[in-house]
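Q: I'd like a close look at the helix packing here, one pair at a time. Which helices meet, how do they cross, and what sits at the contacts?

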Amino acid sequence: ASCLHPPLFFMDRQIISTFSRRPSPKSNTTKVAMVAMNKAAVGSDALPPTTMTDEEMQEAAPLMDNKPQDASSSSSPSTSKPTSSTSGGGGGLGESPPFWLLMLFLASVTMTVGNKYVMKAWGNFANTLTLLQNGTAVTYLLISRSMGALEMKPITGQQWRVFAATAFFLTMQIMTSLKALPYVAIATVVVFRNCCTVIIAIVDYCLFGNKFSKLQVASLALTTAGMLIYAGQDINFDLVGYLWLTGNSVATIANTFWNKVFITKYTKELKIQTSYGVSLIQQIETLPIVFVLAAANGEGGAYMAYTPLDTAAKLTILATCAGGVLIGIAYPKCFSLLSGTSVVVASTANKAVSIMIGMYLFGTKLSGVQVLGLT
């Protein structure tokens with residue numbers, strides 16, 4: 001699932017809010033940068049989990065240093081809305097909240113619905129699709145780095161070793177998400193991502209001593225009740241799909257807490273790497289892992305299967321690659337222009353739209369009880 005949720009820059013906003021102890025506008029903006037990049041790679045919107053991601057579906061705070069925004073942010077210290085270096089700068093659409101919310105909507109829906117469409121049309125080539133999406137993300141990061149658009153500090157051998165675990169977890173998130181999509185409804189994927197949020201909150205409380213307000217506890221309880229209602233009445237239940245999503249949840253949770261410890265340490269405490277530098281490391285390290293998985297899965301015939309695809313399927317593959325890059329830009333930009341609550345609401349609305357589009361495109365049917373659980 002799917003950096004730039006996924007491909008990969010990404011994880012779910014709800015997972016981010018789970019770890020937020022000081023909900024200031026600055027912390028919301030910084031935490032989101034890496035998370036959004038992880039999500040794109042996983043085909044989801046979050047969180048890393050995220051965000052991947054869900055994405056989406058992880059605390060990586062603050063995953064952007066105070067200075068990498070761009071020149072305008074340093075020359076205008078009184079400006080309350082920081083400008084991202086990836087936004088193109090200036091006024092007009094570059095600073096228009098509705099425009100960036102639209103970009104976030106297009107990227108999120110493209111990754112969620114597009115990945116399911118591609119997997120159903122192309123066949124069992126999840127790892128090949130991941131190679132294309134993550135390869136696009138790596139290309140974008142390298143070009144941006146060479147042009148000075150994204151600030152990255154020198155990459156050391158220690159950083160490669162530490163983030164190898166994240167790359168593995170991230171690859172598992174993407175692969176299991178793509179494997180599950182042909183078997184389950186998009187609504188089921190959303191339910192499992194919410195399940196990750198609840199489990200992460202419980203673990204965070206038990207192991208890290210994070211406290212939650214009564215309203216937060218009530219929200220988590222309501223989310224849990226909705227998941228149980230949905231799963232208990234899932235008329236589209238498929239054991240294979242549920243098993244893949246279970247594996248996806250395990251990878252998401254593991255990646256969340258690994259990033260909670262190490263990404264925060266490297267970007268916030270030691271400040272020896274920026275969020276984009278960490279993302280580049282992760283993206284590059286996923287490529288050999290995914291290549292081995294593709295070879296083991298016998299995906300050598302991917303091109304032969306790609307050739308007879310109709311134009312719509314081929315364009316969708318390209319769209320998911322571009323969507324992964326776009327979601328990594330749109331998420332941090334939205335958080336810089338809007339409140340965290342507004343972005344979370346928009347992300348939730350995007351999921352709802354994805355579910356409705358999925359019902360139309362794939363003929364998915366949900367019972368009244370399932371709709372109640374989703375609500």
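Helix pairs up close

A: α8 and α9 are oblique to each other, where angles under 35 degrees count as roughly parallel, over 145 as roughly antiparallel, 65 to 115 as roughly perpendicular and the rest as oblique. Before going further: this is a predicted model, so local features need pLDDT of at least 70 and side-chain atom pairs count only at pLDDT 80 or more, while totals for chains, interfaces and linings use all residues. Residues are numbered from 1 along each chain as its sequence is written, and side-chain values use heavy atoms, with hydrogens and water left out.

Back to that pair. Helix α8 spans residues 186-208 and helix α9 covers residues 214-232; helices here are DSSP runs (H or I, at least four residues) numbered from the N terminus. Their axes come within 10 Å and cross at roughly 140 degrees. Those axes are lines fitted to C-alpha atoms over the stretch in contact, with angles running from 0 to 180 degrees between N-to-C directions. The crossing of α8 with α9 is left-handed, as opposed to right-handed (left: the near helix is turned anticlockwise from the far one by less than a right angle; right: clockwise).

What touches what? On the α8 side you get A187, T188, V191, N194, C195, V198 and A201, and they meet L220, T223, T224, M227 and Y230 of α9; contact means heavy atoms within 4.5 Å. By class, that contact of α8 with α9 has eight nonpolar, four polar and no charged residues. For the bookkeeping, Ala, Val, Leu, Ile, Met, Phe, Trp, Tyr, Cys and Pro count as nonpolar, Asp, Glu, Lys and Arg as charged, and the others, Gly among them, as polar.

C195 deserves a second look, being one of the α8 residues that meet α9. C195 is partly exposed, given its relative accessibility of 25%; buried means under 20% relative accessible area, exposed over 50%, and partly exposed in between (1.4 Å probe, protein chains only). A search of the whole structure turns up zero disulfides (pairs of cysteine sulfur atoms within 2.5 Å). So C195 is in no disulfide, and the nearest cysteine sulfur, that of C196, sits 5.9 Å away. Over at C206, the relative accessibility is 57%, which puts C206 in the exposed class.

Also in α8 is I199, partly exposed at 32% relative accessible area. The C-alpha of I199 is 7.9 Å from that of I253, with their positions 54 residues apart along the chain. Over in α9 you'll find G226, buried at 9% relative accessibility. The C-alpha atoms of G226 and L372 are 7.5 Å apart, although the two residues are 146 apart along the chain.

Now α4 (residues 97-122) and α5 (residues 126-147): the two pack at an angle of about 135 degrees, axes 10 Å apart. That makes α4 and α5 oblique as well, and their crossing is right-handed. From α4 come M111, N115, V118, M119 and W122, meeting A126, T128, L129, L132 and Q133 of α5. Sorted by class, the contact of α4 with α5 has seven nonpolar, three polar and no charged residues.

T112 also belongs to α4, and T112 is buried at 10% relative accessible area. In sequence T112 and G358 are 246 residues apart, yet their C-alpha atoms are 9.0 Å apart in space.

Helix α5 has another partner, helix α7 (residues 164-180), with axes coming within 9 Å and crossing at roughly 125 degrees. α5 and α7 are therefore oblique to each other, and this crossing is right-handed. Here A126, N127, L129, T130 and N134 of α5 make contact with I174, M175, L178 and K179 of α7. The class count for α5 with α7 is five nonpolar, three polar and one charged residues. Notice A126 and L129: they meet α4 and also take part in the contact with α7.

One last stop takes us back to α5 from elsewhere in the chain. Y276 sits in helix α11 (residues 275-296) and is buried at 2% relative accessible area. The C-alpha atoms of Y276 and L141 are separated by 7.6 Å, with the residues 135 apart along the chain.
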